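Q: Before looking at particular residues, could we go through the reasoning behind the labels, setting each value against its definition?

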Amino acid sequence: MQEQLYSIITGSGRYIPTQRITNSDFLNYTFYEADGKRLPRSNEEIIQKFSEITGILERRYVTDDLVASDIGYLAALDALTSSHTDGETLDYIIVAHNFGDVPADNRRSDLVPALASRVKMKLGIKNPETVCYDLPFGCAGWLQGVIQADFYIKSGMAKKVMVIGTETLSRICDPHDRDSMIYADGAGAVILEVKRSETPVGILAHHSQTNAGEYTYVLKMEPSYNPDYKGHDVFLKMRGRTLYEHALKAVPAVVKASLEKANIPITEVKKVFIHQANTKMDEAILKRLFEAYGVPTPDGVMPMSISWLGNSSVATVPTLYDLVSKGDMPEHQLTKGSVIVFAAVGAGVNINAVVYRIPE
């Protein structure tokens, strides 16, 4: 059998911010509905219901001295250091994010130069052939960066690509919107390298969709729900119920399409790394996926970090993968030769999935 080019993960890293924000930290907030009316229930009731639905008990925020490119750099440095990789050998650095650098003292998106270029500079990489660019693709951005890296590698255009997901959602969430309790900060990174193999390994297949039309604005930027809010700031807003209902149908279909491309039965999948959006939603998506094959959902197939890390958008999946791959979630193990699936859904509505066989 002839050797072919495959993309394998050879390193990963993460940065988990140091500020731990528990649900009780929101007890003194004032929450409003979208129509500008105060929520009638007490904050204790609001927070209790929130935790039951989302599974979030706490989240992490960056300190005031850090922005997205800083923590992206720290995740990248961790990936390079832990894998003993020379940054000068990288062909591409792809940074997925959606809001750029948002300083604590001036909460406006700073997008020029590209965050990827800033990360390269912070890493001290001198090689001009290390091409850097940013990728805004909603919460599915990091995984789309992995898909692009796979195209580069399998076409022979690259041998080594770093893909980073970094976000500081605490800087763009409305303190008067209960959905603000969902959002968190963080960064994760992986290094993908070329591997020649006669048998399929690494990334086996992937599939992406953009479900625009009626779903285009399920996530968008709008003014505060507080009608007396001073200033002209806009904040991330979500039509959560609409996104939830659509994701339950669309995400399993995208994962199934990827598995079919790879000719992998669902029974071979040992782990599913899904975007940490909402515990209830992720569990429902997983159940729908296995139901589509007529098999029961196996126990322990889906690692979860949302209860203590919240939803950090593009950072959730690479951070979760790094935690598991480095043995920091001992209840989950990655076995050589086994198949895992990555999946994500976010603004746009963009959805993607990757089927990956762990190298022997």
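A: A salt bridge is called when a side-chain nitrogen of Lys or Arg lies within 4 Å of a carboxyl oxygen of Asp or Glu. The model here is a predicted one, and by this rule the count comes to 17 salt bridges.

Q: What makes Glu260 and Lys256 a salt bridge?
A: The closest N and O atoms of Glu260 and Lys256 are 2.8 Å apart, and because the cut-off is 4 Å, the pair qualifies as a salt bridge. Both residues belong to helix α5 (residues 240-262), where they are four residues apart, about one turn of the helix.

Q: Why is Lys256 called partly exposed?
A: Lys256 has a relative accessible area of 25%, and because partly exposed covers what is neither under 20% nor over 50%, Lys256 counts as partly exposed.

Q: How do you know that Arg108 and Asp233 form a salt bridge, and which parts does the pair tie together?
A: Their closest N and O atoms are 2.8 Å apart, against a limit of 4 Å, so the definition of a salt bridge is met. Arg108 lies in the loop between β4 (92-96) and α3 (115-123), whereas Asp233 lies in the loop between β9 (219-222) and β10 (235-238), so that the pair ties together parts 125 residues apart in sequence. Arg108, at 45% relative accessibility, is partly exposed, and Asp233, with a relative accessible area of 23%, is partly exposed as well.

Q: What makes the meeting of Glu222 and Lys220 a salt bridge?
A: The N to O distance between their side chains is 3.3 Å, and because the rule asks for a distance within 4 Å, the label applies. Glu222 is partly exposed, with a relative accessible area of 27%, and Lys220 is partly exposed at 32% relative accessibility.

Q: Which residues are linked in a network of salt bridges?
A: The network links Arg14, Asp78, Asp322, Lys326 and Asp328. As background, side chains of opposite charge can pair when their charged atoms come close.

Q: Why is His275 called buried, and what does its side chain join in a polar contact?
A: The relative accessibility of His275 is 2%, and because buried means under 20%, His275 counts as buried. This residue is found in the loop between β11 (269-274) and α6 (279-292). A polar contact of 2.8 Å joins its side chain to that of Thr316, a distance that satisfies the limit of 3.5 Å. Leaving aside neighbours within four places in sequence, His275 is in contact with several residues, among them Cys139, Asp282, Asn311 and Val345.

Q: Is Ser170 buried or exposed, and why?
A: Ser170 has a relative accessibility of 12%, and because the limit for buried is under 20%, Ser170 counts as buried. Its place is in the loop between β6 (160-168) and β7 (185-197), and, not counting residues up to four places away in sequence, Ser170 touches Tyr61, Arg107, Ala184 and Asp185.

Q: How do you know that the radius of gyration of the protein chain agrees with that of a compact globule?
A: With 360 residues, a compact globule would have a radius of gyration near 21 Å, and the protein chain has 20 Å, so the two agree. Of these 360 residues, 58% count as buried, and the secondary structure comes to eight helices and 13 strands.

Conventions. Residues are numbered from 1 along each chain as its sequence is written. This is a predicted model: local features need pLDDT of at least 70, side-chain atom pairs count only at pLDDT 80 or more; totals for chains, interfaces and linings use all residues. Side-chain values use heavy atoms; hydrogens and water are left out. Helices (H or I, at least four residues) and strands (E, at least two) are DSSP runs, numbered from the N terminus. Buried means under 20% relative accessible area, exposed over 50%, partly exposed in between (1.4 Å probe, protein chains only). A polar contact is a pair of N or O atoms within 3.5 Å; within protein, one must be able to donate a hydrogen and the other to accept it, and residues adjacent in sequence count only if both atoms are side-chain atoms. Contact means heavy atoms within 4.5 Å. The radius of gyration is taken over C-alpha atoms; the globule rule is 2.2 Å times the number of residues to the power 0.38.
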